[in-house]
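Colleague: I would like to learn how to read a model of this kind, feature by feature. Where should we begin?

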Amino acid sequence: KCVKCKENTTVLIIRAGDAFCRGCFKEYFIHKFRAMLGKNRVIFPGEKVLLAVSGGPASSSMLSQVQEGLSRDAPKKLRFVPGIIYIDEGGASGQSMEERKRAVAQLESVFRATNYHYHIVHLEQVLSLPSSVLEAGSSATGKPPTGSSYKAAVDHLIPTRKNQNQHPDLSVENAQSHLSNLSMQEVQNGVTSPITPEHTQALKRLFASVRTPTAKEDLLHTLRQHLILHTARTQGYTKVMMGDSCSRLAIKLLSNISLGRGASLATDTGFSDPRHGDVVIVRPMRDYSSKEIAYYNRMFDIPSVFIPGLDSKAQDKASIQRLTESFVTKLQTDFPSTVSTIYRTSEKLHTACPPQNTNTQLSAKCLLCVCALDTKLEEFSAYQATLISEQLSQRRGQGHSSGGGQSQGCETGDGGCCSSAKSTVDLKSLLCYSCRLTIKDMTALDALPQYILSEAERRRSQMREEISEFLLDEEEDEAIPRVNGS
């Protein structure tokens, strides 16, 4: 019998002692989603929330839960205005244009059925992003006009609801239907910036310059975040919902530790990620295991679209992310509490210092992932020990190469090895430890999108201006008397 109603026959067993019938399992699944949003109270009534949907089981289930919460029959109706975004990553994974169009068409049919405003964004559009996407916005823009508390937002919503009851044309359902029609017109009129073969080739050249699959996946995740953030800002969304499940976050926790992102684990795996200031990333699916999501989608016919990614058909040892996923999945098979144990550990993580606000200088944040720089540490830290080992190994390599005969001179132009090494050092000073490893695996930094290079140059010039008053001019330097003939 069902563990909840004690009457109906059990149709599935989530874990030992949790056997549910069909009706109780649906109620349990919906309640968990509402409880996660209600407990944290990050999303205020009337806010615009962007749902990041990849077509996979977790994000498709998240979209279904939002539809359920916004329906007229919902007992505790959700009070935000949703939108959908899909990032087409076929250019990075080597898909043909026909395969990409077919996948987009399948997802569009799902999005149109929701009557929500949706955005189809191609990964090639990252090449034309403005450098402002790397700056943290003011968090004050995302707050309700009557106050920052949840109660104040509800009080502000009540008169609006009364006005909508007097004027039915202003209802949320009609507004969402109007937004869906607008989104269809945008796609038909080509407002979504259609990609060109030149953009696709530039994107392929970017990922071809990355040597390891680990760095490719990390770079892809960073570019995807930039596109989602830019779309949210330009379209007026203040929250972004990600479909990261409990299983996915457990894998992400271990892989991020291996990648050197231990300092930002709390924001990378927590419910909310406020590092961007004006746009907050939330993860309402973080309490669901992949097993629960698969059962729910199967039992209640939740549509999902499989789209091959960068790591599709990859071997277990192809990358750190893939190896971690294989390790956790196999361990979960023999020890069912593996994922939950790792996940509960992530819940206890907090940053050592208070979260940085928008007033924090950009020089204290990573250029790519916008997390706090973890490279300015004390002398006897593990990071400093790693740097010393790297410098010693490089000196030893240079000694062997110079002892074998006359050294070959390098080119002095922009394409020479010396200029490439100099640009790498300049860019590394603006990055956290993990992003430094990603850039280190690149053979050509000029393949990076222009907005990254422009922002890096702007920050370097800003740093030079800040220390310019402490530097000596050439005339002053020549006027200083030399000692002992030096």
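Modeller: Helices and strands here are DSSP runs, of at least four residues for a helix and at least two for a strand, and they are numbered from the N terminus. With that in hand, Arg 41 can be placed in the loop between helix 1 (22–40) and strand 3. Keep in mind that this is a predicted model.

Colleague: How many helices and strands are there in the chain?

Modeller: The chain has 18 helices and 8 strands. Of its 486 residues, 43% are buried. Among contacts with a separation of 6 or more, 73% are between residues 24 or more positions apart.

Colleague: Back to Arg 41: what is its phi?

Modeller: The general idea is that most residues other than glycine have a negative phi. Arg 41 is not a glycine, yet its phi is positive, about 50°. Val 370 is another such case, with a positive phi of about 60°. Val 370 sits in the loop between helix 13 and helix 14 (382–403).

Colleague: Is Val 370 buried or exposed?

Modeller: Buried means under 20% relative accessible area. Val 370 has 4% relative accessibility, so it counts as buried. For contrast, take Ser 429, in the loop between helix 15 (417–428) and helix 16 (433–440). Its relative accessible area is 37%, which means Ser 429 is partly exposed. The C-alpha atoms of Ser 429 and Ala 456 are separated by 9.7 Å, with their positions 27 residues apart along the chain.

Colleague: Which residues does Thr 438 contact, leaving aside its neighbours within four places in sequence?

Modeller: Contact means heavy atoms within 4.5 Å. By that criterion Thr 438 touches Ala 215, Asp 218 and Leu 219. Thr 438 belongs to helix 16 and, at 5% relative accessibility, counts as buried.

Colleague: How do I check the length of a helix, say helix 9?

Modeller: The expected span is 1.5 Å times one less than the number of residues. Helix 9 covers residues 246–259, 14 residues, and should span 20 Å; its end C-alpha atoms are 20 Å apart, so the two agree. Just after helix 9 comes Gly 260, with a positive phi of about 90°.

Colleague: How many residues of helix 9 are buried, and what covers them?

Modeller: The count is 10 of the 14, so helix 9 is largely enclosed by the rest of the structure. Among the buried residues are Leu 249, Ile 251, Leu 253 and Leu 259, and also Lys 252 and Asn 256. The cover includes helix 8 (213–235), helix 10 (265–269), helix 11 (290–299), helix 12 (320–334), helix 13 (338–347) and helix 16.

Colleague: At what angle do helix 12 and helix 13 pack?

Modeller: The angle is about 120°, and the axes are 8 Å apart. That value makes helix 12 oblique to helix 13, because it falls outside the ranges for roughly parallel, antiparallel and perpendicular. Val 328, Leu 331 and Gln 332 of helix 12 meet Thr 338, Val 339 and Ile 342 of helix 13. These residues divide into 4 nonpolar, 2 polar and no charged.

Colleague: Now the sheet. In what order do its strands lie?

Modeller: Two strands pair if DSSP finds at least two bridges between them. Here 6 strands form an open sheet in the order 5-4-3-6-8-7, with mixed pairing. Strand 5 (117–122) and strand 7 (272–273) are at the edges with a single partner strand each, so one side of each lacks a neighbour in the sheet. Helix 2 (residues 57–70) packs on the sheet and touches strand 3 (48–52), strand 4 and strand 6 (239–241); its direction makes about 150° with that of strand 3.

Colleague: How many bridges join strand 4 to strand 5?

Modeller: Strand 4 (residues 81–88) and strand 5 run parallel and are joined by 6 bridges. Gly 83 stands opposite His 117, and Asp 88 stands opposite His 122.

Colleague: Strand 5 is at an edge. How many of its residues are buried?

Modeller: In a regular strand the side chains alternate between the two faces of the sheet. In strand 5 both faces are covered: His 117, His 119 and Val 121 are buried on one side, and Tyr 118, Ile 120 and His 122 on the other. That is 6 of the 6 residues, so strand 5 is largely enclosed by the rest of the structure.

Definitions and conventions:
Residues are numbered from 1 along each chain as its sequence is written. This is a predicted model: local features need pLDDT of at least 70, side-chain atom pairs count only at pLDDT 80 or more; totals for chains, interfaces and linings use all residues. Side-chain values use heavy atoms; hydrogens and water are left out. Buried means under 20% relative accessible area, exposed over 50%, partly exposed in between (1.4 Å probe, protein chains only). Axes are lines fitted to C-alpha atoms, for helices over the stretch in contact, and angles run from 0 to 180 degrees between N-to-C directions. Angles under 35 degrees count as roughly parallel, over 145 as roughly antiparallel, 65 to 115 as roughly perpendicular and the rest as oblique. Ala, Val, Leu, Ile, Met, Phe, Trp, Tyr, Cys and Pro count as nonpolar, Asp, Glu, Lys and Arg as charged, and the others, Gly among them, as polar.
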